[in-house]
Amino acid sequence: CILSLSPIFHYFYLVYVIISVFCLASAMSLYNCLAALIGEIPFGQCRIACCNKNIEVRLIFLAVFCIAAAVVWAVFRNEDRWAWILQDILGVAFCLNFIKTLKMPNFKSCVILLGLLLLYDVFFVFITPFITKNGASIMVEVAAGPFGNSEKLPVVIRVPRLEYSASTLCDMPFSLLGFGDIIVPGLLVAYCRRFDVQTSSSSVYYISCTIAYAIGMVLTFIVLALMKMGQPALLYLVPCTLITSSLVAWRRKEMKKFWKGSSYQVGWMP
């Protein structure tokens, strides 16, 4: 009995560690995302001295707001009626800040990273049901909360399904989109944006890759609705973005430069 309960205890402690890390990281990410917008507002520019530094008042209020948002989510995270909206906002901020921080040096690195994570995603969604005792996908099980635990890992974006029936009046059904499904293709989109800037190509790579990502996402939800089972989103997102970027580079006769990358300033943010 003790051995059979040990995975539950391990998950119980793990989920609260991840929740704590998510609250801290998402609050910092939300601050970084909103600070750029706050800088455009011509109000609250007065400064106060704190720890031998002059800090703008508006940035202090912004920091308090971001921390409060993370704390409110942590307290009411199991409130299904509205807490998912706050989790999605914090999750999107986390993904954007991660993409801004981690930069891919060239298209070759993007192909290797996206290809390996595509295989990883497909394995844990489609292959693991043949390995596990209950025939469940490990990826879906972790995202939904294993062992029947009400606590779920905050590593997904929850998208409401447009389904209306007697069974959904009290419990809104959701589709789950993992952070990796945003971050991994997003690294390629960010690289395309930087390559556009370096080659003065009028954002053709960035726009094409963004449209390809949107098409891949729509295709993911269409297949999800038709098959009624969890889908590895990278199975559709990776081919769409990689093939589109390759075709644009080939059409513009810039494949060699696009593959090897071009030098750019490390301090530049997309």
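**Exercise 1.** Does R252 count as buried, partly exposed or exposed, and at what relative accessibility?

*Solution.* The model is predicted. Step one is the cut-offs: buried means under 20% relative accessible area and exposed over 50%, with partly exposed in between. Step two is the value: R252 has 35% relative accessibility, so R252 counts as partly exposed.

**Exercise 2.** Find the residue that forms a salt bridge with R252, and classify that residue by burial.

*Solution.* The criterion is a side-chain nitrogen of Lys or Arg within 4 Å of a carboxyl oxygen of Asp or Glu. The partner of R252 is E254, with the closest N and O atoms 3.4 Å apart. By this rule, the count comes to one salt bridge. E254 has a relative accessible area of 16% and is therefore buried.

**Exercise 3.** Describe how strand 4 is paired and how it is enclosed.

*Solution.* Begin with the pairing: strand 3 (residues 156–160) runs antiparallel to strand 4, and five bridges join the two. One of the bridge partners can be named: R158 is matched with L176 in strand 4. Then take burial. Strand 4 covers residues 174–178, and four of its five residues are buried, so the rest of the structure largely encloses it.

**Exercise 4.** Compare the UniProt record with the modelled secondary structure for residues 111–131 and 204–227.

*Solution.* The unreviewed UniProt entry lists both spans under "transmembrane region". In the model, residues 111–131 are 81% helix and 0% strand, with end C-alpha atoms 29 Å apart. Residues 204–227 are 100% helix and 0% strand, and their end C-alpha atoms lie 34 Å apart. The record also lists other spans, including residues 172–192.

Technical notes. Residues numbered from 1 in each chain as written. Predicted model: local features only at pLDDT ≥ 70, side-chain atom pairs only at ≥ 80, totals over all residues. Heavy atoms only, no water. Buried < 20%, exposed > 50% of the residue type's maximum accessible area, 1.4 Å probe, protein only. Pairing = 2+ DSSP bridges. UniProt positions renumbered as here; feature names shortened; annotations may be inferred.
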